[in-house]
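Reader: I'm new to this one and would like some help reading it. Could you walk me through it, feature by feature?

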Amino acid sequence: MAALVRHQGLPMSEAMAFGLAAAISFAYLPFIRINGLPLIAYRMPPRAIIKGLHRGLELGMRFEKFRSPERGMARLDALLDAGELVGLQTSVFWLPYFPPDLRFHFNAHNLLVYGREGDEYLVSDPVAEIPVRCPRKDLEKARFAKGLLAPKGLLYYATRTPRIPDWARLGKRAIARAARVMLHTPLPLIGVRGIELLARQVERLPLARGGESGGDWARLYVGNIVRMQEEIGTGGGGFRFLYASFLQELAAATGYGALDRLASRLVEIGDRWREFALAAARMIRGREPLAPPALAARLRALAAEERQFFRDLDAAQRAWAC
Amino acid sequence: MRERDVPQEGNATLAGNRKAVYAVAEDGRLRIVASRGWEAEEIVTRQAVEDLERRAQAARARVLAGQASPLEYHMYKARMDLPLLSQTTGLWRWRVRRHFRPGVFARLPLSLRRRYSEALGVPLEQLDKVE
């Protein structure tokens with residue numbers, strides 16, 4: 001995403017893009033199930049992130065979806081030939097450069113295409129450190145994968161050069177938005193209350209279900225939480241470190257020192273998330289007995305810490321005169 | 001997380017890729033550090049993969065015992081489940097479930113086989129075999 005902004009001529013780090021889009025969040029979505037396990041997200045959905053950034057910077061973002069794969073691929077070719085940098089939503093399962101163990105039917109992956117050579121596309125993907133190539137057939141399949149959150153060939157690109165923004169004004173607004181989502185979303189699934197709800201679910205996990213015993217189901221459920229937290233996306237700790245980096249950068253760009261202290265606190269919260277992941281992983285491997293209530297207690301503590309953190313962040317934002 | 005605490009435990013599921021992690025450097029600033037992997041992450045990824053493999057092997061046993069069609073095996077092999085296969089092929093779930101019966105599957109017309117082959121990424125001639 002940051003690369004899209006840079007392509008339009010405005011230097012921007014990934015953390016800054018993430019923060020300005022108010023992308024940090026938490027959502028527990030029991031009605032979206034992947035292989036029977038609920039979706040747990042630590043950030044806003046990709047489209048909301050892109051839109052959030054677009055709103056602040058006036059990028060003239062265009063989104064296009066397609067019914068037919070042929071038209072979708074033809075449009076991608078046309079945009080690339082015109083020198084555009086194009087973002088795509090894809091499934092990860094059909095991308096050949098993905099490590100085999102990470103290939104699941106997860107449809108909300110985002111990558112950038114910056115060119116093509118013959119039948120291969122040049123792809124910049126957050127998973128790979130260096131640019132990769134992807135054959136046309138595979139990319140088509142990945143873009144038009146079916147199922148939950150089906151991408152339907154979604155592509156997006158920027159049409160305008162952003163102005164040099166007023167970092168303080170934009171940052172203040174983005175922080176207010178993030179705090180509002182975390183603290184005041186009217187649904188109990190989103191934000192801090194989502195973490196508490198997840199804690200309740202974890203607490204109630206049965207140690208035996210159907211014909212299984214020994215807590216296989218509970219282990220899979222807990223493993224799923226950790227995968228959503230660490231495997232998906234950038235920076236570890238469920239994007240908490242990435243957001244902390246944004247706060248530091250914003251503090252440096254605007255000279256508002258209160259954000260620096262808040263960033264350090266968020267780093268500590270990110271560490272707590274990692275400790276939760278480690279504790280869960282040890283239980284999954286059977287190095288420690290499986291104890292859902294202990295994990296639930298960690299989640300509750302995290303919810304309390306994040307509630308206090310976002311309240312203080314919101315207060316800092318209000319006190320920020322700019 | 002401090003920079004020196006960034007795990008470099010060689011997560012096999014990353015297949016040699018490194019992963020960007022944000023960590024605090026000596027000067028207190030967050031920086032991007034490349035991580036070769038973390039054990040906790042490897043455990044949960046392996047767990048998910050192994051669960052799917054277990055389902056595929058169970059289906060394989062049923063196929064060999066004549067209780068299921070190879071389609072069920074290929075579905076799990078492609079890391080799918082019934083709702084997903086149904087959505088990918090555009091067939092009703094009960095139809096897909098019916099095709100899990102060996103007798104029904106054996107008489108499947110070519111057009112439906114093509115659809116499954118396309119959806120699962122399995123070549124047509126592989127579709128009625130379990131390796």
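**Where the chains meet**

Author: Sure, let's start with the contact between chains: 28 residues of chain B are in contact with 37 residues of chain A. Keep in mind that this is a predicted model.

Reader: Which elements give two or more residues to the side of chain B that touches chain A?

Author: To read an interface, go through it element by element. Here the elements of chain B are β1 (19-24), α1 (39-64) and α3 (82-89). The largest share comes from α1(B), with 10 residues.

Reader: And how do the residues on that side of chain B divide into nonpolar, polar and charged?

Author: On the side of chain B that touches chain A, there are 15 nonpolar, 6 polar and 7 charged residues.

Reader: What domains is chain B divided into?

Author: For domains, look at the bounds and then at the spacing of the centres. Chain B has domain 1 (3-37) and domain 2 (53-126). Their C-alpha centres are 41 Å apart.

Reader: Now chain A. How many helices and strands does its secondary structure come to?

Author: Chain A has 11 helices and 8 strands. To judge overall form, set the radius of gyration against a rule for the chain length. For chain A the radius is 20 Å, close to the 20 Å that the globule rule gives for 322 residues, so chain A is as compact as a globular protein of that length. Along the principal axes, the C-alpha atoms of chain A fill a box of roughly 55 × 55 × 35 Å.

Reader: Where do the domains of chain A lie along the chain?

Author: Domain 1 of chain A covers 61-158, and domain 2 of chain A covers 167-318. The C-alpha centres of these two domains of chain A lie 29 Å apart.

Reader: How do I read a pair of packed helices, say α6 and α11 of chain A?

Author: Take the angle and the axis spacing together. Helix α6 (residues 167-184) of chain A packs against helix α11 (residues 292-318) of chain A at about 150°, and the axes are 9 Å apart. Angles over 145 degrees count as roughly antiparallel, and therefore α6(A) and α11(A) are roughly antiparallel to each other. Their crossing is left-handed.

Reader: Which residues meet there?

Author: From α6(A) come A:K172, A:I175, A:A176, A:A179, A:M182 and A:L183. They meet residues of α11(A), including A:E306, A:R307, A:F310 and A:L313. The contact of α6(A) with α11(A) divides into 7 nonpolar, 1 polar and 5 charged residues.

Conventions
Residues numbered from 1 in each chain as written. Chains lettered and ligands numbered in written order. Predicted model: local features only at pLDDT ≥ 70, side-chain atom pairs only at ≥ 80, totals over all residues. Contact = placed C-beta atoms within 7 Å. Helix = DSSP H or I, 4+ residues; strand = E, 2+ residues; numbered from the N terminus. Nonpolar A, V, L, I, M, F, W, Y, C, P; charged D, E, K, R; others polar. Domains from an automatic or database assignment. Axes fitted to C-alpha atoms, helices over the stretch in contact; angles between N-to-C directions. Parallel < 35°, antiparallel > 145°, perpendicular 65-115°, else oblique. Left-handed = near helix turned anticlockwise from the far one by under 90°. Rg over C-alpha atoms; globule rule 2.2 N^0.38 Å.
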